[in-house]
Amino acid sequence: MREQLTKHDVEKIQEEIDHRKLVVRKEAIEAVKEARAQGDLSENFEYYAAKREKNQNESRIRYLERMLRTAEIIEDESGADEIGLNTRVELYYEDEDETEWIKLVTSIRGNSMEGRISIESPLGKAIQGHKAGDRVHVQVGDGGYDVVIRSIEKDAGDEDEIRKF
């Protein structure tokens, strides 16, 4: 499945790639050289740790570059009073008699523990395009639940951190 990213997501990912290539890569190579210079590699923990860090950095670069190559660039096309990307939403869960604020984001920014819900999640798909006052059914597996959209706040900012994998 192609990752859905905004232009801002692409910029942030490219910044991370550039940082990893220009800064982290050089530091990792230097750390491997220093550890190798300490002599016997068969019992040199620093050498193996430095190699592991270098390989993890290269792996992250490849992952991010692949993500950018295959990504689908999306934009928020919702109206001013509708739920779309970067919209903060107050939801009322009828079954639990609880209220919660969430922010609808792309999957790469999703983090349910911080209230950032992916537009690709069941909840994100269900509420997208709805307005304050709407009752929405969220389909999960064979069942589901209902939420009432209490209020909507549009957020022009898109500064949430990119999730690390």
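Which residues gather in a patch of negative charge on the surface?

1. The patch of negative charge on the surface is made up of Asp95, Glu96, Asp97, Glu98 and Glu100. Please keep in mind, while reading this and the points that follow, that the model is predicted. Two members of the patch can be placed further: Glu98 is found in strand β4, whereas Asp97 is found in the loop between β3 and β4. Glu98 has a relative accessibility of 44% and therefore counts as partly exposed, while Asp97, at 56%, counts as exposed.

2. Asp97 deserves a second look for its backbone, since the residue has a positive phi of about 50° although it is not a glycine. As background for a student, most residues other than glycine have a negative phi. Asn86 is another residue other than glycine with a positive value, its phi being near 60°. The place of Asn86 is in the loop between β2 and β3, and with a relative accessible area of 10% the residue is buried, whereas Asp97 is exposed.

3. Turning to charged pairs, a search of the whole structure finds ten salt bridges, and three of the pairs are taken up in this note, in this point and the next two. One of them joins the side chains of Lys7 and Glu75, with a distance of 3.7 Å from N to O. This pair links distant parts of the chain, for Lys7 belongs to helix α1, which covers residues 7–36, and Glu75 to the loop between β2 (72–73) and β3 (87–93), at a separation of 68 residues. Lys7 is exposed, with a relative accessible area of 52%, and Glu75 is likewise counted as exposed, at 55% relative accessibility.

4. Where, by contrast, do Asp9 and Arg109 stand, buried or exposed? Both residues of this pair are buried. They form a salt bridge in which the closest N and O atoms are 2.4 Å apart. Because Asp9 lies in helix α1 and Arg109 in the loop between β4 (98–105) and β5 (116–118), the pair ties together parts that are 100 residues apart in sequence.

5. A salt bridge within a single helix is found between the side chains of Arg20 and Glu16, at 2.9 Å from N to O. Both residues lie in helix α1, four residues apart, which is about one turn of the helix, and both are buried. The pair does not stand alone, since salt bridges that share partners join Glu16, Arg20 and Arg60 into one network.

6. Finally, the record offers two domain annotations that can be set beside the model. In an unreviewed entry, UniProt lists residues 4–73 for "domain: Transcription elongation factor GreA/GreB N-terminal". In the model, this span is 80% helix and 6% strand, and its end C-alpha atoms lie 6 Å apart. The UniProt annotation "domain: Transcription elongation factor GreA/GreB C-terminal", also from an unreviewed entry, covers residues 80–153. Over those residues the chain is 8% helix and 47% strand, with the end C-alpha atoms 9 Å apart.

Conventions
Residues numbered from 1 in each chain as written. Predicted model: local features only at pLDDT ≥ 70, side-chain atom pairs only at ≥ 80, totals over all residues. Heavy atoms only, no water. Salt bridge = Lys/Arg side-chain N within 4 Å of Asp/Glu carboxyl O. Buried < 20%, exposed > 50% of the residue type's maximum accessible area, 1.4 Å probe, protein only. Patch = residues over 30% accessible without salt bridge, like charges linked within 9 Å, V, L, I, M, F, W, Y side chains within 5 Å. Areas by Shrake-Rupley, 256 points an atom, 1.4 Å probe, with all protein chains shown as cover. Lys, Arg positive; Asp, Glu negative; His and termini not counted. Charge placed at Lys NZ, Arg CZ, Asp CG, Glu CD. UniProt positions renumbered as here; feature names shortened; annotations may be inferred.
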